[in-house]
Amino acid sequence: MSVTLISTHHIFVSGRVQGVFYRKHTARKATQLGVTGWVRNLPDTRVEILAEGTAAQLDALETWCRTGPPKAVVTDVAVTDLTPSVTVVNEDGEAVRVPHCTSRKAAVFEVKH
């Protein structure tokens, strides 16, 4: 049996990212990649994203976020991994942290207003 590990990343994008359809394009790209979650503008001019997907899906979204849509000027992308994890002991007796979440909480990616 194969298990697909789903991770959760909290992303903050800085620069000229409001008023350039960054949220709309982010939702479109996330949907294209199969990522679920949401995106919204913050009062401090940043864009906030909460995204769930596989490591490859999230890496692709984060790479896209560093450029964004044509009119955006991205100066920084800060990513925090919020994936729940647990500590287990492996066969060598070492304590290791492993992802706890193996299924998604949502089925869509939404733009929040």
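# Exercises around helix H1

The cover over the buried residues of helix H1 includes strand E1 (7-16), strand E2 (36-41), strand E3 (47-53), helix H2 (55-65), strand E4 (73-81) and strand E7 (109-111). Keep in mind that this is a predicted model. Let's work through it together.

**Exercise 1. Find out how many helices and strands the protein chain has, and in what pattern they follow one another.**

Step 1: Count the elements. The protein chain comes to 2 helices and 7 strands.

Step 2: Read along the sequence. The order is β-α-β-β-α-β-β-β-β.

Step 3: Look at burial and contacts for the whole chain. The protein chain has 113 residues, and 37% of them count as buried. Among contacts with a separation of 6 or more, 71% join residues 24 or more positions apart.

**Exercise 2. Compare the reach of helix H1 with the expected value, then work out where its buried residues lie.**

Step 1: Take the length. H1 covers residues 22-33, which is 12 residues, and it reaches 16 Å from the first C-alpha to the last.

Step 2: Compare. At 1.5 Å a residue, the expected reach is 16 Å, and the helix comes close to that.

Step 3: List the buried residues. In H1 these are Tyr 22, Thr 26, Ala 27 and Ala 30. Looking down the axis of H1, you find the buried residues within an arc of 130°, so they line one face of the helix.

Step 4: Turn to the other side. Thr 31 and Gln 32 are exposed, on the face of H1 turned away from its buried side.

Step 5: See what comes next. H1 is followed by Gly 34, which has a positive phi, near 85°.

**Exercise 3. Search the whole structure for aromatic pairs and describe the geometry you find.**

Step 1: Do the search. There is 1 aromatic pair in the whole structure.

Step 2: Describe it. The ring centres of Tyr 22 and Trp 64 are 5.5 Å apart and their planes stand at 50°, so the pair is tilted. The cut-offs that matter here are that planes under 30 degrees apart count as stacked and over 60 as edge-to-face.

Step 3: Place the partners. Tyr 22 sits in helix H1 and Trp 64 in helix H2, 42 residues apart, and the pair links distant parts of the chain.

Step 4: Check burial. A residue counts as buried under 20% relative accessible area. Tyr 22 has 1%, so it is buried. Trp 64 has 18%, so it is buried too.

**Exercise 4. Decide whether the two residues that UniProt lists for "active site" are gathered or scattered.**

Step 1: Consult the record. An unreviewed UniProt entry lists Arg 23 and Asn 41 for "active site".

Step 2: Compare sequence with space. The two span 19 residues in sequence, yet no two of their C-alpha atoms are more than 7.6 Å apart, so they gather at one spot.

Step 3: Place each one. Arg 23 lies in helix H1, while Asn 41 lies in strand E2.

Step 4: Check accessibility. Arg 23 is partly exposed at 21%, and Asn 41 is partly exposed at 28%.

Step 5: Look at the contacts, leaving aside neighbours within four places in sequence. Arg 23 is in contact with Val 39, Arg 40, Asn 41, Val 111, Lys 112 and His 113. For Asn 41, the partners are Val 17, Gln 18, Arg 23, Arg 46 and Val 47.

**Exercise 5. Locate Phe 21 and Thr 45, and state the sign of phi in each.**

Step 1: Start with Phe 21. This residue lies in the loop between E1 and H1. Its phi is near 65°, a positive value in a residue other than glycine.

Step 2: Check the surroundings of Phe 21. With a relative accessible area of 56%, Phe 21 is exposed. Lys 24 lies over the face of its ring, at 5.8 Å from the ring centre.

Step 3: Move to Thr 45. This residue lies in the loop between E2 and E3, and its phi is also a positive value in a residue other than glycine, near 85°. Thr 45 is partly exposed, with a relative accessible area of 46%.

**Exercise 6. Describe the position of Ala 78 and name the residues it touches.**

Step 1: Place the residue. Ala 78 is found in strand E4.

Step 2: Check accessibility. Its relative accessible area of 33% makes Ala 78 partly exposed.

Step 3: Name the contacts. Not counting residues up to four places away in sequence, Ala 78 touches His 10, Ile 11 and Phe 12.

Step 4: Add a distance. The C-alpha atoms of Ala 78 and Glu 62 are separated by 9.3 Å, with their places 16 residues apart along the chain counted as the separation.

Definitions and conventions
Residues numbered from 1 in each chain as written. Predicted model: local features only at pLDDT ≥ 70, side-chain atom pairs only at ≥ 80, totals over all residues. Heavy atoms only, no water. Helix = DSSP H or I, 4+ residues; strand = E, 2+ residues; numbered from the N terminus. Expected span 1.5 Å × (residues − 1). Buried < 20%, exposed > 50% of the residue type's maximum accessible area, 1.4 Å probe, protein only. Arc of directions from axis to C-beta. Contact = heavy atoms within 4.5 Å. Phe/Tyr/Trp six-rings, centres within 6.5 Å; stacked < 30°, edge-to-face > 60°. Lys NZ or Arg CZ within 6 Å of the ring centre and 35° of its normal. UniProt positions renumbered as here; feature names shortened; annotations may be inferred.
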